[in-house]
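Dear colleague,

I am handing over the structure we spoke about, with my notes on it underneath. Please read them with the coordinates open beside you.

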Amino acid sequence: QEFLVESGGGSVQPGGSLRLSCTSSRLTLEFYAISWFRQAPETEREGVSCISMSGDETSYGESVKGRFTISRDKNTVYLQMDNLRPEDTAVYYCATDLLDYCSGNYEKWGVGTQVTVSS
C-alpha cells in the first residue's frame, strides 16, 4: 500500500485544464511540505511544484510558471493545471519532503497519475 495517492489525471486537449489531488490514508499530510513531479517516457523526472507545510511558500518549475497552481487543504494537496500543452504529458507524482519546507529531500512517494494532452 502506497503512502500517497494521486488522482485527477486524464486526457485533455491543448489549452484545457485538470486538477490533480494528492492525499494519504497513512500520513497526515498537513505535517509535510509536498512536491509534485512528472516524468514522461525516456525523460528525466522533473520537479513541477512544491508547497510548504504552512502553505506560505510555493515554488514552480520554469516550464509551468503562470499555468499551474499548487494549494493545500487539510489532508490534500492540489495541482491546478491550466492552459495545458502537449509537452505537459507525463505521469505526475507527489512526494513528501523530509522537512516542513521545500528542502528538496524527498521521502515518500505515490504511484502517479497519467496526464495526456493531445488534440
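For a chain of 119 residues, a compact globule would be expected to have a radius of gyration near 14 Å, and the value computed for this predicted model is 13 Å, which agrees with that expectation. The C-alpha trace extends over about 40 × 30 × 25 Å along its principal axes, and 41% of the 119 residues count as buried. The chain exposes about 6200 Å², of which carbon and sulfur atoms supply 44%. Among contacts between residues at least 6 apart in sequence, 56% join residues that are at least 24 apart.

As to secondary structure, the chain contains eleven strands and zero helices. Strand E3 (residues 18-23) pairs with strand E1 (residues 5-7), the two running antiparallel and being joined by three bridges; within this pairing, Glu-6 has Cys-22 of E3 as its bridge partner. E3 also pairs with strand E8 (residues 76-81), again in the antiparallel sense and over six bridges, and here the partner of Leu-18 is Met-81 in E8.

One residue that I looked at in detail is Ser-49, which is placed in strand E5 (residues 46-51). Ser-49 has a relative accessible area of 6% and is therefore buried, the cut-off being under 20%. A polar atom of the Ser-49 side chain lies 2.8 Å from the backbone oxygen of Ser-59. When neighbours within four places in sequence are left aside, the residues in contact with Ser-49 are Ile-34, Ser-35, Trp-36, Ser-59, Tyr-60, Ile-70 and Leu-79.

Turning to the aromatic residues, the structure holds three aromatic pairs. In one of them, the rings of Phe-37 and Tyr-106 have their centres 4.7 Å apart and their planes at 85°, so this pair is edge-to-face. Because Phe-37 lies in strand E4 (residues 34-39) and Tyr-106 in strand E10 (residues 106-109), the pair ties together parts that are 69 residues apart in sequence. Phe-37 counts as buried at 5% relative accessibility, whereas Tyr-106 is partly exposed, with a relative accessible area of 31%. The rings of Phe-37 and Trp-109 have their centres 4.9 Å apart and their planes at 40°, so that pair is tilted. Since Trp-109 lies in strand E10 and Phe-37 in strand E4, the parts tied together by the pair are 72 residues apart in sequence. Trp-109 is partly exposed, its relative accessible area being 23%. Ring pairs thus link Phe-37, Tyr-106 and Trp-109 into a cluster.

With best regards

Notes. Residues are numbered from 1 along each chain as its sequence is written. This is a predicted model: local features need pLDDT of at least 70, side-chain atom pairs count only at pLDDT 80 or more; totals for chains, interfaces and linings use all residues. Side-chain values use heavy atoms; hydrogens and water are left out. Two strands pair if DSSP finds at least two bridges between them. Helices (H or I, at least four residues) and strands (E, at least two) are DSSP runs, numbered from the N terminus. Buried means under 20% relative accessible area, exposed over 50%, partly exposed in between (1.4 Å probe, protein chains only). A polar contact is a pair of N or O atoms within 3.5 Å; within protein, one must be able to donate a hydrogen and the other to accept it, and residues adjacent in sequence count only if both atoms are side-chain atoms. Contact means heavy atoms within 4.5 Å. The radius of gyration is taken over C-alpha atoms; the globule rule is 2.2 Å times the number of residues to the power 0.38. Accessible areas come from the Shrake-Rupley method with a 1.4 Å probe; for residues, only the protein chains shown count as cover. Rings of Phe, Tyr and Trp (its six-membered ring) pair if their centres lie within 6.5 Å; planes under 30 degrees apart count as stacked, over 60 as edge-to-face and the rest as tilted.
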